[in-house]
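The following paragraphs walk through one protein model, from its overall make-up to a few single residues. Keep the structure in view while reading.

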Amino acid sequence: MNHKLILITFGTLLYGLTSIAQDSIPKQKEIKLITEAEFIKGETYVIDTIIEGKSYFKKDLGIKAELDSTALKALEDHKLASEIDQKWLEELYSNTLFDSIYESVTELQYDEVDYPELSTDTLKARLAELNSKTPFNISYNPSLESVIKSYLKNRRESLSRLMSLSDYYFPLFEESLDIHDIPLEVKYLAIVESALKPRAKSRVGATGLWQFMFGTGKEYGLNVSSYVDERSDPIKSTEAASKYLARLYGIFGDWDLALAAYNSGPGNVSKAIRRSGGYENYWNIRPYLPRETAGYLPAFLATMYIFEYADEHGFKKERPNYHYVETDTIHVKKMITLDQVSELLEVPIEELQFLNPSYKLDIIPFIKGENYTLRLPRHAVGKFVNNEDLIYEFATKEFDEREKPLPQFFDSNSKVTYRVRSGDFLGKVARKYGVRVSQIKQWNGLRSNNLRIGQRLTVYPRKPVTSNPPVGTVTPKKAVNAEGKSTYKVQSGDSLWSISQKFPGVSVQNIKDWNGISGNSLKIGTTLIVSK
């Protein structure tokens, strides 16, 4: 065999051995990235990457990755502006509506009201129709006519907002009332009690949608602790109210008297019966009841009438963010804050507070033997479940960091003092300075979310403090060219949300981006671009 042939033979053998060796090494499978819509039932997925704000997933191969808190924090404030309906959230966290309801009941006037849009004969006919459909004694009298016409004339705007809130609360009220054989019209009682504000607190300490005092709440299973006030839990408090009302009806055998007893206690009703000479009809004993209770049933019946005949009186509801059926609950496995959930799931903190009003400090504790839940919009439930371990790990790590002394986090020279203005709420102030609601509460020793106009708050801002206009005002970032694009002129009552609904496929964020603006308030007469 010549020299060339030996070299060729050796080279061929070497190439073959190399190929065999390469074939024996398992090739790494190509990992296909998919969106959430492409999930296969039964498979587990984890986030692989985020491109232009959109999450892409890959199959979970069971390999434990170290928590990347930096990547999680990158989700902060994403889509925030496009998710918030500023008017809706300000309404949810304002005490104005509750205060006006409370005053209207305690200081009810029965003077004749000029309201030609509703004739006495029409009202009599409608009250008779309503009376035939309910177990309440609804009959015409001048006092009730005065209250109804006063509400229609002076409280249209607040009643319209309450109708919007009722779309969320009434379905869960009706479910509980039906179980306990309570007339479904009792749902209107929560409007008179609390203006549908789950964290409403009266001057004497009654709390929640159904205004339970501490002792009565305890009696009906509503626990109160440093973290949780179940009187503010819509489902649990409605269950307790249903049981209490059923018990009162069993005592009096009359729904009018049962409602009066719910407001002032059975003792005051029985005393009014004695002082009246033995009458048992509410309207006959009303002069002997406490002033607030004397206005209680007229306010309830007036509210019932207006809601039942809302279309006839031209009421138009504001569109709520979502309905009760569009939410779901998750049982918490570790302590977590609403701030953390808001940051990771990109759900505005105000929406989480609205859905979870019983957590006094915006902290959901984990206590053995207790069953605490987190209520979320349905679109966020899947994201939480798919990333549950990472979310809890992130929360635990943050809690550990928070235990360090305050000076390690904040320099006293960097703090600012913020004076609360009309329309402010904690979430709004937190966004202004790039901090969390729970941090503002911690720095100022606040145990609730309520603010007073003129109140001063200490804040250690994450964002640099500038002389920019207040949050909520429209601030042009750059000149925009409207040539060849569709435009819209802002009118009275418009909001970014309502304008976006007029143009299919256009979001609040689109309008902001196309017009180079920030904030949510609008100036009447401003021309906005509403197309690309």
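The protein chain of this predicted model contains 24 helices and 10 strands. It has 532 residues, of which 47% count as buried. How do the contacts spread along the sequence? Taking contacts between residues at least 6 apart in sequence, 69% join residues at least 24 apart.

Next come the nonpolar cores. The largest nonpolar core has 72 residues, and those with the most contacts inside it are F173, W210, Y262 and F300. Another core lies apart from it, with 40 residues that include L374, A395, I440 and L457. What does F300 of the largest core touch? Not counting residues up to four places away in sequence, F300 touches F136, E185, V186, Y188, L189, V192 and L259.

F173, which is among the residues with the most contacts inside the largest core, also takes part in a contact between two helices. These are helix 8, residues 156–179, and helix 11, residues 234–252, whose axes come within 9 Å and cross at roughly 40°. Angles under 35 degrees would count as roughly parallel and those from 65 to 115 as roughly perpendicular, so at roughly 40° helix 8 is oblique to helix 11. The crossing of helix 8 with helix 11 is right-handed. On the side of helix 8 the contact is made by Y169, L172, F173, S176 and L177, and on the side of helix 11 by P234, I235, T238, E239 and S242. Six residues of this contact are nonpolar, three are polar and one is charged.

The loop between helix 9 and helix 10 holds two residues with a backbone angle worth a look. Most residues other than glycine have a negative phi. L196, although not a glycine, has a positive phi of about 55°. Q211 likewise is not a glycine and has a positive phi of about 55°. L196 lies in the loop that runs from helix 9 (189–194) to helix 10 (214–219), and Q211 is placed in the loop between helix 9 and helix 10. Are these residues buried or exposed? The cut-off for buried is under 20% relative accessible area. L196 therefore counts as buried, at 2% relative accessibility, and Q211 is buried because its relative accessible area is 12%.

Two further loop residues lie later in the sequence. D362 is found between helix 18 (349–355) and strand 5 (363–364). With a relative accessibility of 1%, D362 counts as buried. Which residues does D362 contact, leaving aside its neighbours within four places in sequence? They are R199, T337, L338, Q353, V437, K441 and N449.

G525 is in the loop between helix 24 (508–515) and strand 10 (527–529). Its relative accessibility is 34%, so G525 counts as partly exposed, whereas D362 counts as buried. Along the chain, G525 and K489 are 36 residues apart, yet their C-alpha atoms are separated by 5.7 Å. Residues up to four places away in sequence aside, G525 touches K489 and V490.

Note on methods
Residues are numbered from 1 along each chain as its sequence is written. This is a predicted model: local features need pLDDT of at least 70, side-chain atom pairs count only at pLDDT 80 or more; totals for chains, interfaces and linings use all residues. Side-chain values use heavy atoms; hydrogens and water are left out. Axes are lines fitted to C-alpha atoms, for helices over the stretch in contact, and angles run from 0 to 180 degrees between N-to-C directions. Helices (H or I, at least four residues) and strands (E, at least two) are DSSP runs, numbered from the N terminus. Angles under 35 degrees count as roughly parallel, over 145 as roughly antiparallel, 65 to 115 as roughly perpendicular and the rest as oblique. A crossing is left-handed if the near helix is turned anticlockwise from the far one by less than a right angle, and right-handed if clockwise. Contact means heavy atoms within 4.5 Å. Ala, Val, Leu, Ile, Met, Phe, Trp, Tyr, Cys and Pro count as nonpolar, Asp, Glu, Lys and Arg as charged, and the others, Gly among them, as polar. Buried means under 20% relative accessible area, exposed over 50%, partly exposed in between (1.4 Å probe, protein chains only). A nonpolar core is a set of buried Ala, Val, Leu, Ile, Met, Phe, Trp, Tyr and Cys residues joined through side-chain atoms within 4.5 Å.
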